[in-house]
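Please load the model in your viewer and keep a selection panel to hand, since this tour moves from one selection to the next and says what is to be found at each stop.

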Amino acid sequence: MIGFSIMMWFVSIILLLESISLLRGNYSSMHGKIFNNTNDKEGYAKASGKPVLFMAIGLAVSGVVAVTTSKITISVIIIACVVIIMGIWFANIQRRFS
């Protein structure tokens with residue numbers, strides 16, 4: 001369980017740094033059809049930073065749960081819920097900027 005937790009925390013730190021960069025309006029790491037066609041690239045980056053921050057927090061929480069409960073199934077359920085919520089959030093952002 002400790003290996004899973006360390007991996008989740010490492011990925012969480014990377015996503016946290018990326019979300020901070022996006023929330024500041026840095027869009028150099030963004031690409032895609034909707035991003036290339038939008039006029040407000042900085043606004044799109046800032047809007048995308050919030051779900052990425054949510055994912056970072058969700059992964060960190062799942063890592064903590066894996067260590068404290070020693071059950072990976074609870075962690076996987078948390079990750080699945082976070083991914084579903086983040087996917088819906090990203091779909092709404094893309095619909096707004098397309």
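Begin with the aromatic rings of this predicted model, where a search of the whole structure finds two aromatic pairs. Select Y44 and F97, which form one of them in an edge-to-face arrangement, with 5.2 Å from centre to centre and 85° between the planes. This pair links distant parts of the chain, since Y44 belongs to helix α3 (residues 41–69) and F97 to helix α4 (residues 72–97), 53 residues apart. Both Y44 and F97 are buried, and a cutaway or clipped view may help in seeing them.

Now zoom out and colour the model by secondary structure. The protein has four helices and zero strands, and from the N terminus on its elements run α-α-α-α. Taken along the principal axes, the box filled by the C-alpha atoms is roughly 45 × 20 × 15 Å. Of the 98 residues in the protein, 33% are buried, while the exposed area comes to about 6000 Å², of which carbon and sulfur atoms supply 69%. If you draw contacts between residues at least 6 apart in sequence, 69% of these join residues at least 24 apart.

Next, select α3 on its own. This helix has 29 residues and reaches 42 Å from its first C-alpha to its last, close to the 42 Å expected at 1.5 Å a residue. Just after α3, pick S70, whose phi is positive, near 55°.

Stay with α3 and show the side chains of E42 and K46, which meet in a salt bridge with an N to O distance of 3.4 Å; a search of the whole structure finds one salt bridge. In general terms, side chains of opposite charge can pair when their charged atoms come close. Why are E42 and K46 separated by about one helical turn? The reason is that these two residues are four residues apart in helix α3. As a general matter, an α-helix has 3.6 residues a turn, so residues three or four places apart point the same way. E42 counts as partly exposed because its relative accessible area is 37%, which lies between the 20% limit for buried and the 50% limit for exposed. K46 is likewise partly exposed, with a relative accessible area of 34%.

Move on to α4 and select the helix from end to end. Its 26 residues should span 38 Å at 1.5 Å a residue, and the end C-alpha atoms are 37 Å apart, which agrees. Colour S75, I79, V82, M86, I93 and F97 within α4, as these residues are buried. Then pick Q94, which also lies in helix α4 but is partly exposed, with a relative accessible area of 33%. A distance line from the C-alpha of Q94 to that of L59 should read 23 Å, for two residues that are 35 residues apart in sequence.

Turn now to α1 and select F4, which lies in this helix. Is F4 buried or exposed? With a relative accessible area of 18%, F4 is buried. Leaving aside neighbours within four places in sequence, the residues in contact with F4 are S62, A66, I72, S75 and I79; of these, S75 and I79 are among the buried residues of α4. By contrast, the C-alpha atoms of F4 and Y27 are separated by 31 Å, with their positions 23 residues apart along the chain.

Switch to a surface representation and select I2, I6, W9, V64 and V67, which form a nonpolar patch on the surface with about 420 Å² of accessible area together. The elements giving two or more residues to this patch are α1 and α3, and the largest share, three residues, comes from α1. Within the patch, look at I6, which is found in helix α1 and counts as partly exposed at 49% relative accessibility.

For the last stop, select H31, placed in the loop between α1 (2–23) and α2 (33–37). H31 is exposed because its relative accessible area is 68%, above the 50% limit for that class. To close, draw a line from the C-alpha of H31 to that of I2: the separation is 35 Å, for residues 29 apart along the chain.

Key. Residues are numbered from 1 along each chain as its sequence is written. This is a predicted model: local features need pLDDT of at least 70, side-chain atom pairs count only at pLDDT 80 or more; totals for chains, interfaces and linings use all residues. Side-chain values use heavy atoms; hydrogens and water are left out. Rings of Phe, Tyr and Trp (its six-membered ring) pair if their centres lie within 6.5 Å; planes under 30 degrees apart count as stacked, over 60 as edge-to-face and the rest as tilted. Buried means under 20% relative accessible area, exposed over 50%, partly exposed in between (1.4 Å probe, protein chains only). Contact means heavy atoms within 4.5 Å. Accessible areas come from the Shrake-Rupley method with a 1.4 Å probe; for residues, only the protein chains shown count as cover. The expected span of a helix is 1.5 Å times one less than its number of residues. Patches are made of residues with over 30% relative accessible area and no salt bridge: like charges are joined within 9 Å, nonpolar side chains (Val, Leu, Ile, Met, Phe, Trp, Tyr) within 5 Å. A salt bridge is a side-chain nitrogen of Lys or Arg within 4 Å of a carboxyl oxygen of Asp or Glu.
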